[in-house]
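Reader: I would like to go through this model in questions and answers. Please keep each answer short and end it on the value or name asked for.

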Amino acid sequence: MDIYRELILDHYKHPHNFGHLSKPTATHTLFNSACGDKITMEIQVDKKDIVTDIQFSGEGCAISQASASMLTDLVKGKTKKEILKLTSADIFSLLNTELSVSRVKCAVLPLEVLQKAVTSTV
Amino acid sequence: MNISTTRKDFPILKRRINGKPIVYLDSSATSLKPQYVIDAMTKYYTTYTANVFRGIYTMSEEATAAYENARKRIAKFINAPSEKEIVFTKNTSESLNLLAYTLLPSRITKGDSVVTTIMEHHSNFVPWQQLVTKYGGTLRVWNIQKDGTLNIHDLKKLVDRKTKIVTFTAVSNVLGTITPISEIVKAVKRINPDCLVIADAAQAVPHIPVDVVAWGADAITFSGHKMLGPSGIGVLWMKEALLDILPPFLYGGDMIREVHVKDTLFNDLPHKFEAGTPFIEGAIGLGAAVEYLQKIGMDQVRRHEKEITSYAMKRLLSIPGVTMYGPKNPEIRGGVIAFRLEGVHPHDVAQILDEDNICIRVGYHCAMPLHEFLGVGATCRASFYIYTTKEDIDALVLGIKKVQKMFK
C-alpha cells in the first residue's frame, strides 16, 4: 500500500526525537479523539527565539508518528517565527505520500501541537 | 433465521468497491438498512407526503396514522404498557439530554448525587457530568471489574438516600458487556426506592429481546439507526406517571394544547415532548425496521449474534499479538469486540483493512473515560448484526494477518 512507504514505516518504528526534555521551555498536548492519537511536544527555546531542542511523545498511528518524527528533525534550529509559518502543505511534502481525507488530521496534528507550544512561549 | 436470505434484504451488500464485496463490521456505529425500511420511507415520499396532526385531508390522515402506528409498534416491541410512553427524539443522545435537562433542576440540590458507570458512551456521561454539578450535586462513577462487568455489591457504597438517579448502559458499545438490568434496578430501589433508574439501551434494543416491564427501569433510551432504521430518529421510553410530571424539554408547535398571551397549556403525552414537525418518515422507517426485526424474532437475532461473537472471539484469540477487551463469556456479551494489535496503531489497522473493504471502527468509540480506565489508547472495534457471517470474520482475521505482515 502506497501510504505506508518504507520511509514512513521506518520513522514509525524508530521515531527521531522521541522522549522528553529535562527542562522544556514549553509543552503542549493534543488529542485526535476521532482515531485516538495523542501527541505531546516539548521544546527548548533560547533567547534569540530559536528552537534549540525538541522532543515528542504520545501514541499515534504510523502517519502521525512519522509526521512528528520528520517535523521535529525539520524544526530544530529554526526560529519561532519560521515554525509558525509552516503549513499543512509542508507536512504533506515531508511525508510525500497519498493521504485520504481521514488521514489528513493525523498528519497535521503534530504541527498543530508544535505551533501551540511555540505560541505559548510568547 | 436463514442468513443468506436475510443478506438479500440488504441492497448495500450487493455493492462492490474496487471489485471486492463489503465486509461490514461496524454495526455498533450504525446498522445497514433492509429494502423493507427503504420502501416504507420511499412510500411516504411518493404517495402520502403530508404533515401530521394538522391536515383534514386524506394524505395528512394517512401520515398521522403511519406515524402513530410506528409508535404503537415500537411500544409493543419493548413491551411498554402504553404508546404514550414512547417519545420520539433525534437519537439516544437527545433522549438522555431530555432526561438530564428536565429531571435535574427539580431533583438535585446540594449534597445529592447521580451515579453513572465508567463504561458509558459519552452520551450517558457528559450530560450528567455537566449538569449535575451545575445544580450542586456530585456525579459518582461506578467502575467495572477486571472482566468488564459491574459488581452489584458496589451499589451499597455508591447509592444512598440522597442519590436521585442511577444511569448505566444496558450493553457496552466497547466491551459488549450485557448488564443485569433488573438486578441493578432491584438493588438500587432496595437502598432508595425514590431513586430513578435509567438504562441506555442503544446497543440493547437492536440486538436482544427487551421487556421494559421485566427490566423495571424507569426510563430507557435508544436510536433508530442502530436497529435497521434511519438516522435522526430516536426513542425515549419512560413510565407514564413520571413522564407526566416532567416539564417539557423544548417548546413550540405541536407540544401545546392552548396558547394565550399570558400562558400556555401543554399537550398530552407523548406530544408534550415532541415540539415542532417531527421526523415523520424517520418514525415510519423505524416502525418498519421494528416490523422487520419482529418477523425474524429477537430471540433469533440474539442467537445468531451470540454464535458469530463466539466464533469471532475464538478466531481472534488464535492470532498472536491480539488483545481483546470485555467479558469472555458469550452469555453476557453482545456482538461487539474491541481489540488491539501489538505494535500497530488501530488507525493503521483500519486503513489496511479498508483496502479489502473491511469496515471496522477505531478510536475511543465515544467512551474516553473507559479507555483511560483500561489504560489503553485507541482500540479497534468489530461489531456484528443479523447480516454478519462467519466469512466476514474470516476476512477480518485474514486482514489482521496482512496488517501484521506489513508492520513486521
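**Domains and chains**

Author: In this predicted model, 37 residues of domain 1 of chain B are in contact with 33 residues of domain 2 of chain B.

Reader: Which residue ranges make up domain 1 and domain 2 of chain B?

Author: The domain assignment splits chain B into two domains. Domain 2 is given as 40-294, and domain 1 as 3-30 + 297-406.

Reader: How many Å separate the centres of domain 1 and domain 2 of chain B?

Author: The centres of domain 1 and domain 2 of chain B are taken over C-alpha atoms. On that basis the separation is 28 Å.

Reader: What area is buried between domain 1 and domain 2 of chain B, and which three residues supply the most on the domain 1 side?

Author: The buried area between these domains of chain B is about 2,700 Å², with 63% of it from carbon and sulfur atoms. Of the area that domain 1 of chain B buries against domain 2 of chain B, three residues supply 23%, more than any other three. They are B:M298, B:L370 and B:Y385.

Reader: How many salt bridges, and how many residue pairs in polar contact, are counted between domain 1 and domain 2 of chain B?

Author: For salt bridges between domain 1 and domain 2 of chain B, the count is zero. For residue pairs in polar contact across the same interface, with both residues at pLDDT 80 or more, the count is 18.

Reader: Which element gives the most residues to the side of domain 1 of chain B that touches domain 2 of chain B?

Author: On this side of domain 1 of chain B, at least two residues each come from α11 (298-317), β14 (336-341) and α13 (368-374) of chain B. By class, the side has 22 nonpolar, eight polar and seven charged residues. The element that gives the most, with six residues, is α13(B).

Reader: How many residues does each chain bring to the contact between chain A and chain B, and what area do the chains bury?

Author: Chain A brings 22 residues to the contact and chain B brings 18 residues. Carbon and sulfur atoms account for 56% of the buried area. The area buried between chain A and chain B is about 1,600 Å².

Reader: Which residue of chain A forms a salt bridge with B:R340?

Author: Across the interface of chain A and chain B there are two salt bridges. In the one formed by B:R340, the closest N and O atoms are 3.2 Å apart. The partner of B:R340 is A:E59.

Reader: Which elements of chain A give two or more residues to the side that touches chain B?

Author: Nine residue pairs are in polar contact between chain A and chain B, both residues being at pLDDT 80 or more. The side of chain A that touches chain B holds twelve nonpolar, six polar and four charged residues. The elements that give two or more residues to this side are α1 (6-13), β1 (26-32), α2 (62-75) and α5 (101-119) of chain A.

Reader: In what order do the elements of chain A run?

Author: Chain A has five helices and three strands. From the N terminus on, the order is α-β-β-β-α-α-α-α.

Reader: What is the radius of gyration of chain B?

Author: Chain B contains 14 helices and 17 strands. Its C-alpha atoms fill a box of roughly 75 × 55 × 30 Å along the principal axes. A compact globule of 408 residues would have a radius of gyration near 22 Å, and chain B agrees with this, at 22 Å.

Reader: How far apart in sequence are the parts tied together by B:D356 and B:K20?

Author: B:D356 and B:K20 meet in a salt bridge, with 3.0 Å from N to O. B:D356 lies in the loop between α12 (346-354) and β15 (358-359) of chain B, while B:K20 lies in strand β2 (residues 20-21) of chain B, so the parts tied together are separated in sequence by 336 residues.

Reader: Which two residues of chain B does a cis peptide bond join?

Author: The omega of this bond is about -5°. One partner, B:P270, is found in the loop between β12 (264-266) and α10 (280-296) of chain B. The bond joins B:L269 and B:P270.

How values were computed. Residues are numbered from 1 along each chain as its sequence is written. Chains are lettered from A and ligands numbered from 1 in the order in which they are written. This is a predicted model: local features need pLDDT of at least 70, side-chain atom pairs count only at pLDDT 80 or more; totals for chains, interfaces and linings use all residues. Side-chain values use heavy atoms; hydrogens and water are left out. Contact means heavy atoms within 4.5 Å. Buried area is the accessible area (1.4 Å probe) that two parts lose on being put together, summed over both. A salt bridge is a side-chain nitrogen of Lys or Arg within 4 Å of a carboxyl oxygen of Asp or Glu. A polar contact is a pair of N or O atoms within 3.5 Å; within protein, one must be able to donate a hydrogen and the other to accept it, and residues adjacent in sequence count only if both atoms are side-chain atoms. Helices (H or I, at least four residues) and strands (E, at least two) are DSSP runs, numbered from the N terminus. Ala, Val, Leu, Ile, Met, Phe, Trp, Tyr, Cys and Pro count as nonpolar, Asp, Glu, Lys and Arg as charged, and the others, Gly among them, as polar. Domain bounds come from an automatic or database domain assignment. The radius of gyration is taken over C-alpha atoms; the globule rule is 2.2 Å times the number of residues to the power 0.38.
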